[in-house]
Amino acid sequence: MSATPSAPVLRADEPGSFPHSVLAERHPAVIRQVREAFPYGPAQRRALDALLDSCTKGVIEDLPADAPDRDRWHAWGLEQYTGRSWFEVPWLWSESYFYRRLLEAVGYFAPGPWQGIDPFRPSKLAELDSPETDEELAALDALENEPAPERAAALLHGSLWGNRADLGFRLSAQSTPGQSTPAQGTARPAPGLVADDSAAFWSLLPPSSRAGTLCLVADNAGRELVPDLLLIDHLLAHGRVERAVVHVKPYPYYVSDATTADVVDAVRRLAGAPGAAAGHGRRLWAAMSDGRLEIRTHPFFCAPLPYAAMPDDLREEFAAAALTVLKGDLNYRRLVGDRLWPPTTPFADVTAHFPGPVAALRTLKSDVITGLDATVQAALDASGDGRWRISGTHALIQVRT
Ligand SMILES: O=P(O)(O)OC[C@@]1(O)O[C@H](CO)[C@@H](O)[C@@H]1O
C-alpha cells in the first residue's frame, strides 16, 4: 500500500440515510424505552425530556463542571463539538455521547440510589430468559457428539450470528414498517457470508498449541454473549489458547452492550441450564475462578473514537495477544474508522494500525464495509436496494494475521 487510505467519515446529516434515522428515530425510541423501564422520579424524567429535546433539535452541550470524566470527554473532542448539532459531527461521536448523557439523566453516575442501575437491564434479562435462549442452549446437546472440528466451526458461527440478536437494532427494526425483526433463530434462514476468513482464524489457534491469550472484545449481552462464551470455553478446553480475556463496556452502552454484570448473568444462565449447557457454564465458572478467563474493561470501550486512536495500555494488551476478536457492527466501525470505504478496499490496509492479529465477527448493520471481492459486491448490489449493508441479514468473518 503506497499511502494511508482514506474515505469520508460517516455523519448523520443526510435525511433518509441510516445514520440520520438512528439519531432522529432510534435515539428517541431508546429514551422512551428507558422512561418505561423504571419508575424514575420527576428529576430523572425532566432530564430525559431535556435530552430528547437536545439530541433531536438542539446542540451538543458540555458535561457538568463536576463530571469526573469531563476532561476525558474534552480530550475525545467535546470542546470542539460543543454548540454543534448532533447531526453534524461524526456519527460515532454523537451516538457515544448520547449514551453517556442518557446514563447521566437517569442518575447512573451520581452518588445516590440510582447509581450503577443499568437502565437496559430489564430488556437484557428478558432476552436471557426467553424461549429462544432455551432453544439455543438445548441445541448444544446435539453438538456434543460432533467431532471437534465441526463443533469448533458451529461455535464460531454461533458467536458470529449471535450478533444478530441486538436489542437496540431490534428497536429500530420494529419501527420500520414492513421489515421483519431479524432475531436470531426466528427470521429468514441465514444467507451466506460476504467474506469468510475462517481458515485464517483457525490457523492462528491450532488445537493443543496453547497459543497464548485470546482477547475477545464483546458486543451485546444475552444471546450474543452466551455463544461468545461457549466459543471461548471450547478454545480453552481444546488447548487452542492458554487463557482468554473478555473485554466488556465500563457502563451500559448501545442498549444491549455487555458489562461485567451481563457476563455474570450469562455464566449463571449456562450453569443453571439443563443438559450440556450446564457443563459449559461450570467450566467457564472454573476458568474465571482460576484466572484462565478474565473479564476486563477500559474507558476507551465507550469512547467515541476509532480503534486507531486507542491508548497505549490497550495497544500493548492487544499487541501481546495471539488473536483479538472484535465482535459486532460497532466494533467493526471503530476498527476500520467508521468511513464510507469503497467495499473492495483491502481489510488488511484499513486494519494495519491494529497492534496484533485481529478478527472481525460481525453481522452487517451499518453502511461500513471493506474487504469484499468485486464479484461478491456486484452480486450484493444487484440483489436489491442496498439493505444488505444494514439489515443484519449478512455477515462476515475477516482476519488480518
Ligand atoms: O455493534 P452491534 O451491536 O452489532 O450493532 C450496533 C448497531 O445496532 O448500532 C449502530 C447504530 O446505532 C449500528 O452500527 C449497528 O446497527
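## Helix α15 and the two-domain arrangement

Just after helix α15, Gly337 adopts a positive phi of about 95°. The model in which this residue appears is predicted.

The helix that precedes Gly337 spans residues 328-336 and is mostly covered, with 9 of its 9 residues buried. Among these buried residues are the charged side chains Asp329, Arg333 and Arg334, together with Leu330, Tyr332, Leu335 and Val336. The cover over the buried residues of α15 includes both helices and strands, as listed below.

| Element covering α15 | Residues |
|---|---|
| α5 | 91-105 |
| β2 | 213-217 |
| β5 | 323-327 |
| α16 | 347-350 |
| β6 | 358-363 |

The protein chain as a whole contains 17 helices and 7 strands. Its radius of gyration is 20 Å, close to the 21 Å given by the globule rule for 401 residues, so the chain is as compact as a globular protein of that length. Along the principal axes, the C-alpha atoms fill a box of roughly 55 × 50 × 45 Å. Of the 401 residues, 45% count as buried. Among contacts with a separation of 6 or more, 79% are between residues 24 or more positions apart.

The domain assignment divides the chain into domain 1 (18-118) and domain 2 (125-400). Their centres, taken over C-alpha atoms, are separated by 27 Å. Domain 1 brings 20 residues to the contact and domain 2 brings 22. On the side of domain 1 that touches domain 2, α1 (18-37) and α5 are the elements that give two or more residues. The residues on that side comprise 12 nonpolar, 4 polar and 4 charged.

Key. Residues are numbered from 1 along each chain as its sequence is written. This is a predicted model: local features need pLDDT of at least 70, side-chain atom pairs count only at pLDDT 80 or more; totals for chains, interfaces and linings use all residues. Helices (H or I, at least four residues) and strands (E, at least two) are DSSP runs, numbered from the N terminus. The radius of gyration is taken over C-alpha atoms; the globule rule is 2.2 Å times the number of residues to the power 0.38. A residue is buried if 20 or more other C-beta atoms lie within 10 Å of its own, exposed if 12 or fewer, and partly exposed in between; C-beta atoms are placed from the backbone. Two residues are in contact if their C-beta atoms, placed from the backbone, lie within 7 Å. Domain bounds come from an automatic or database domain assignment.
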